[in-house]
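User: Please take me through this model. I would like short questions with reasoned answers.

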Amino acid sequence: MQKQTAFIFDLDGVIVDTAKFHFLAWQKLANKIGINFSEKENEQLKGVSRVKSLEKILSWGNKTLSDEEFQRLMDEKNQDYLNYVKQMTEADILPGVNSFLDDLKAKNHPIALGSASKNAKTILKCVKLSDTFEAIIDGTVVSKAKPDPEVFLKAAQCLNTTPSNCIVFEDSIAGIQAANAGGMTSIGIGDKNTLHEADFCFSNFLQFDYPFFKNIKMKA
Ligand code: BG6
Ligand code: MG
């Protein structure tokens, strides 16, 4: 069993700023079908699967669709989203992330990706992080969306460690709840008020450094 503290990273909004692309693509699609939603409502879409996101948007507009139309709109949103993603390079990795990952690797900490996205591997390739994580748990292998802890529990299992030995980085409310539900120490990346359920919260990766985690009080 792995004794070194393990680190699990969400992808969208933690490693890369794709959260803004999700917002733009969903907003464009929603507008087309006569639904408007704000950045505040968008917080509820972060960390949430593609299917659940569209369900939420439709519920905000009191709309129902046939299965075929639902699938067509999800595909349309994803194509639009991928047009943004495909333009990304290593330069789009959020500030401080690379050097923090380097520190963890230098100290032999196990690291995994825990993302709801089915596009995770495409994004990692664009930003040249395909070989960084020991385990990649993404939307193609989980059946229960965050706030269910499945994605993070699977990541811990792949890293051969226990949940109480894991630290999770998340930018979404659903993701923080998932980490907490899994018995892991949760670190919010973003606004403290929005992510108030996190054990610790920072606005970005420049606000802390590796030594912080040497003395951190883990959840369990
Ligand atoms: C999460 C994002 O990481 O992935 C959500 O925060 C998104 O906004 C979800 O809906 C699923 O992503 P994708 O790329 O499979 O549509
Ligand atoms: Mg995220």
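Analyst: The turns below cover a metal site, a helix pair and a strand residue in this predicted model.

User: Which residues coordinate the magnesium ion (ligand 2)?

Analyst: The donors sit at 2.0 to 2.1 Å from the ion. Along the chain they follow the spacing D-x1-D-x158-D. Two of them donate through OD and one through O: the residues are Asp10 (OD), Asp171 (OD) and Asp12 (O).

User: Is aspartate 12 buried or exposed?

Analyst: The cut-off for buried is under 20% relative accessible area. Aspartate 10, at 4%, therefore counts as buried. Aspartate 12 has 11% relative accessibility, so aspartate 12 is also buried.

User: Are H3 and H4 roughly parallel or roughly perpendicular?

Analyst: Helix H3 (residues 50-60) packs on helix H4 (residues 67-85) with the axes 11 Å apart. Their angle is about 110 degrees. Angles of 65 to 115 degrees count as roughly perpendicular, so H3 and H4 are roughly perpendicular.

User: How many nonpolar residues are in the contact of H3 with H4?

Analyst: From H3 come Arg50, Val51, Leu54, Glu55 and Leu58, which meet Phe70, Leu73, Met74 and Asn78 of H4. One of these residues is polar and two are charged; the nonpolar ones number six.

User: What is the relative accessible area of glycine 114?

Analyst: Glycine 114 lies in strand S2 (residues 111-114). Beyond its sequence neighbours up to four places away, glycine 114 touches Ile8, Phe9, Asp10, Ile137, Lys146, Val151 and Phe152. Glycine 114 counts as buried because its relative accessible area is 0%.

Notes: Residues numbered from 1 in each chain as written. Chains lettered and ligands numbered in written order. Predicted model: local features only at pLDDT ≥ 70, side-chain atom pairs only at ≥ 80, totals over all residues. Heavy atoms only, no water. Donors = N, O, S within 2.8 Å, 3.2 Å for Na, K, Ca; no water. Buried < 20%, exposed > 50% of the residue type's maximum accessible area, 1.4 Å probe, protein only. Axes fitted to C-alpha atoms, helices over the stretch in contact; angles between N-to-C directions. Helix = DSSP H or I, 4+ residues; strand = E, 2+ residues; numbered from the N terminus. Parallel < 35°, antiparallel > 145°, perpendicular 65-115°, else oblique. Contact = heavy atoms within 4.5 Å. Nonpolar A, V, L, I, M, F, W, Y, C, P; charged D, E, K, R; others polar.
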